[in-house]
Amino acid sequence: MHPGWPGPVGPLRVRGGLVRLRPARMRDGGNWSRIRLAERANLEPWEPSAEVDWDERHVFSVWPAVFSGLRGEARRGRMLPYVIELDGRHCCKGTISNITHGALRSAWIGYWVSSDVTGGGVAAGALALGLDQPQLRHRVGVL
């Protein structure tokens with residue numbers, strides 16, 4: 001396994017249930033599309049604008065290209081793309097990205113959660129798991 005390709009992390013019990021991070025997979029496209037389309041009102045204000053309409057950018061057929069980009073960056077050691085699961089159900093996405101090696105040793109974490117799981121500590125739990133991820137500690141020196 002390439003050091004930039006993630007393994008599962010967790011689980012961690014939070015108020016909303018059992019949170020786990022797992023690597024994004026090609027077969028996540030249906031869930032990704034369904035959640036992104038349903039959550040447009042909550043997600044679109046925070047997303048970069050684009051020439052293409054939201055619905056067109058989040059149809060199932062777009063996922064292979066999105067996943068290919070995620071996988072490519074992970075294989076280069078620059079990203080750790082995760083699906084956030086709550087009680088075994090894909091409900092969110094988290095990405096540890098812009099992993100910078102060398103003296104800077106930094107990264108950022110981006111995530112979004114489905115509105116039906118907000119307020120239960122899911123995002124906070126996923127962030128904690130991401131920070132506790134052994135590959136991230138090794139790559140960027142998180143203590």
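Here follow a few questions and answers on how the strands, helices and cores of this predicted model fit together.

Reader: Happy to dive in! What is the order of the strands in the open sheet?

Author: The open sheet has 5 strands, and their pairing is antiparallel. At its edges lie β1 and β5, each of which pairs on one side only. Neighbouring strands are turned by 20° against each other on average, with direction ignored. Read across, the order is β1-β2-β3-β4-β5.

Reader: Is strand β3 largely enclosed or open, and how many of its residues are buried?

Author: Good place to look! Buried here means under 20% relative accessible area. From β3, Leu-80, Tyr-82, Ile-84 and Leu-86 point one way, while Pro-81, Val-83 and Glu-85 point the other way, and all are buried. The strand is therefore largely enclosed by the rest of the structure, the buried count being 7 of the 7.

Reader: How many bridges join β3 to β4?

Author: Let's take both partners of β3 in turn. With β2 (residues 17–23), β3 pairs in the antiparallel sense over 5 bridges, and Pro-23 has Tyr-82 as its bridge partner there. On β4 (residues 89–100), which also runs antiparallel to β3, the bridge partner of Ile-84 is Cys-92. The number of bridges joining β3 to β4 is 7.

Reader: Which residue takes a positive phi in the hairpin of β3 and β4?

Author: This hairpin has 2 residues between the strands. One of its residues has a positive phi near 50°, and that is Asp-87.

Reader: Which residue of β3 is among those that touch the most other members of the largest nonpolar core?

Author: That core has 18 residues, and Val-19, Leu-21, Ile-84, Cys-92, Val-117 and Val-122 touch the most other members. Elements giving two or more residues to it are β1, β2, β3, β4 and α5. Leu-21 stands opposite one β3 residue, Ile-84, whose contacts beyond four places in sequence include Val-19, Leu-21, Cys-92 and Val-122. So the β3 residue you asked about, by the listing of residues pointing from that strand, is Ile-84.

Reader: Which strands does helix α1 lie across, and at what angle to β4 does it run?

Author: Helix α1 (residues 29–38) has Gly-29, Trp-32, Ser-33, Ile-35 and Arg-36 as its buried residues. These pack against α2, α3, α4, β4 and β5. The helix lies across β4 and β5, and its angle to β4 is about 95°.

Reader: And what angle does the direction of α5 make with that of β2?

Author: Helix α5 packs on the sheet, touching β1, β2, β3, β4 and β5. Its direction and that of β2 make an angle of about 45°.

How values were computed
Residues numbered from 1 in each chain as written. Predicted model: local features only at pLDDT ≥ 70, side-chain atom pairs only at ≥ 80, totals over all residues. Heavy atoms only, no water. Buried < 20%, exposed > 50% of the residue type's maximum accessible area, 1.4 Å probe, protein only. Helix = DSSP H or I, 4+ residues; strand = E, 2+ residues; numbered from the N terminus. Pairing = 2+ DSSP bridges. Contact = heavy atoms within 4.5 Å. Core = buried A, V, L, I, M, F, W, Y, C linked by side-chain atoms within 4.5 Å. Axes fitted to C-alpha atoms, helices over the stretch in contact; angles between N-to-C directions.
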